[in-house]
Amino acid sequence: MSLVISCNTKGMYGNDFPGEDPPGGLLGEVEAAEAALRAAAERGRGDAQPGDDLAAYFTEVVDADQKIEPRDWMPEAYRRTLIRQIAQHAHSEIIGMQPEGNWISRAPSLKRKAILLAKVQDEAGHGLYLYAAAETLGISRDELVDLLLDGRQKYSSIFNYPTLTWADVGTIGWLVDGAAIVNQVPLCRCSYGPYARAMIRVCKEESFHQRQGYEILYTLAHGTAAQKAMAQDSVNRWWYPSLAMFGPPDGDSTHSAQSMAWKIKRFSNDELRQRFVDMCVGQAEALGLRIPDPELRWNDERQAHDFTQPDYDELTQVIKGNGPCNRQRMEHRRRAHNEGAWVREAATAYAAKRAEKEMVTA
Amino acid sequence: MNQQHTPLWEVFVRARRGLAHTHVGSLHAPDAELALRNARDLYTRRQEGVSIWVVPASAITASSPDEKDAFFDPAADKVYRHPTFYEVPDGVAHL
């Protein structure tokens, strides 16, 4: 219990986010997490011995900031929580390809199109790293795919909003990927080794995504009046849904305390949301765009910005399936999966035929 | 819903000439050739490697954590395998 409390203090917060704007920024924090992972491995620890109290051993490893690996004993609830979280994270990457994929054929230049293609390909890659991490916990890829297609597992609610203009591609990079990075950088220090390692890889690639989005918005915001208006309209529509990406307020968050104790989660939803708002203010100024919140102002006492909370009733509705694009996203995913069936069948049949031939000639 | 479980492959990448292949992750593919191509697209999009190995996960034999005791014990009492075990008299160089 004391662990949960200490995680909520400002002191702990400072450990992962050194300084107001550390040199190297978020990428520097990812590298620090990677170094911490190596250092923890260097400290060494024998595996559990026959006859050891496995639960005590698990707690010891977690408390020492070392990593739990796939074949270690772990509490069933820890395994289930991780499968749920990693799978939903993977599904989000896969569904997240759709809103941006929508603009690949209409990107304003060949350069922007090539960049956007690379970015969407990265999202597919991130989904695959994460599915692989989830599989180390004893669930199969087929089960994971079914959980998404049958609607039994969710993906991030943000992808149920439409991309109406080219500026939305920029805003997704800046705000949506920015919020995702704030959420994900602490996951690089997650107690489960395969997840932590996947997140280090993902975060390094995400920082390209955030910067390309910011550059698109910066270009629009410094273009014609119509382009600037398009950028502002886009930020207006995405700001609150991006704040909602951090989940319900701490008081209503169901999974938090246990995940904190297990070091799956390192910071509360509200702490991360605050961190994100504080980061965005200066970035919006440099863009010359306004964050659509009349209550947004610096609070000297808290050394943080006061801001308006997102509409959590809307978040609940979107999670329940009533967002603007929920049905479209799922239909598209199911169709793509079904239409790819013949490719998977052909590849499997070809592999089987070749294996048979090799048996004959051997 | 059509589902076919394709085999799992472990992927090893040599980052640069002079370094050993290192395990980077895993993927699913029906055969070795597709596993190699998928590995290239998944793990070397940013020139992370100059060479890739893919190995069927089912072909890997692993030592099990609960055998740790017996399996790695022989190394535990042989400190004399490390150069630091030996005392070097003062003034002796190039040793």
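# A tour of the predicted model

Start by selecting E100(A), K119(A), E123(A) and D177(A): these residues are joined in a network of salt bridges. Keep in mind as you go that this is a predicted model. Counted over all chains, there are 25 salt bridges, and a few of them make good stops.

**Stop one: D65(A) and R266(A).** Select this pair and zoom in on the side chains, which meet in a salt bridge with 3.3 Å from N to O. The two residues are 201 apart and link distant parts of the chain. D65(A) sits in the loop between α4 (54-63) and α5 (76-95) of chain A, while R266(A) is in the loop between α12 (256-261) and α13 (269-287) of chain A. Now switch on the surface. D65(A) counts as partly exposed because its relative accessibility is 36%, whereas R266(A), at 14%, counts as buried.

**Stop two: R197(A) and E69(A).** Next, pick R197(A) and look for its salt-bridge partner E69(A); the closest N and O atoms are 2.9 Å apart. R197(A) belongs to helix α10 of chain A and E69(A) to the loop between α4 and α5 of chain A, so this pair ties together parts that are 128 residues apart in sequence. How exposed is R197(A)? R197(A) has a relative accessible area of 40%, making it partly exposed. E69(A) is partly exposed too, with 26%.

**Stop three: R237(A) and D168(A).** Here is another salt bridge, with 2.8 Å between the closest N and O atoms. Show the helices and you'll find R237(A) in α11 (residues 225-244) and D168(A) in α9, both of chain A, with their positions 69 residues apart in a link between distant parts of the chain. Is D168(A) buried or exposed? Its relative accessibility is 0%, so D168(A) counts as buried. R237(A), at 27%, counts as partly exposed.

**Stop four: the end of α9.** Stay with helix α9 (residues 166-184) of chain A and select Q184(A). This residue counts as buried, with 7% relative accessibility. To see what it touches, leave out residues up to four places away in sequence, then display H89(A), E93(A), M199(A), V202(A), C203(A) and E206(A).

**Stop five: the largest pocket.** Time for some empty space. The largest pocket has a volume of about 1800 Å³. To find its centre, select R197(A), T22(B), H23(B), V24(B) and G25(B), the closest to it of the 48 lining residues. R197(A) is the residue you met in the salt bridge with E69(A).

Which elements should you colour around this pocket? In chain A, try α3 (25-43), α7 (110-135) and α10 (193-221); in chain B, try β1 (8-14), β2 (22-28) and α2 (68-76). Each of these supplies at least two residues of the lining. The largest share, seven residues, comes from α10(A). Colour the lining by class and you get 20 nonpolar, ten polar and 18 charged residues.

**Last stop: chain B.** Finally, show chain B on its own. Its secondary structure comes to two helices and three strands, and following the sequence you'll trace the pattern β-β-α-β-α. Chain B has 95 residues, of which 20% count as buried. Its accessible surface is about 7000 Å², with 56% belonging to carbon and sulfur atoms. If you display contacts in chain B between residues at least 6 apart in sequence, 40% of them join residues at least 24 apart.

Notes
Residues are numbered from 1 along each chain as its sequence is written. Chains are lettered from A and ligands numbered from 1 in the order in which they are written. This is a predicted model: local features need pLDDT of at least 70, side-chain atom pairs count only at pLDDT 80 or more; totals for chains, interfaces and linings use all residues. Side-chain values use heavy atoms; hydrogens and water are left out. Helices (H or I, at least four residues) and strands (E, at least two) are DSSP runs, numbered from the N terminus. Buried means under 20% relative accessible area, exposed over 50%, partly exposed in between (1.4 Å probe, protein chains only). Contact means heavy atoms within 4.5 Å. On a 1 Å grid over the protein atoms alone, a cavity is a set of points where a 1.4 Å probe fits but cannot get out, and a pocket is an open set with protein on both sides within 12 Å along at least five of seven lines; lining residues have an atom within 4 Å of a point. Grid points are joined across faces, edges and corners, and a volume is the space filled by probe spheres set on the points. Ala, Val, Leu, Ile, Met, Phe, Trp, Tyr, Cys and Pro count as nonpolar, Asp, Glu, Lys and Arg as charged, and the others, Gly among them, as polar. A salt bridge is a side-chain nitrogen of Lys or Arg within 4 Å of a carboxyl oxygen of Asp or Glu. Accessible areas come from the Shrake-Rupley method with a 1.4 Å probe; for residues, only the protein chains shown count as cover.
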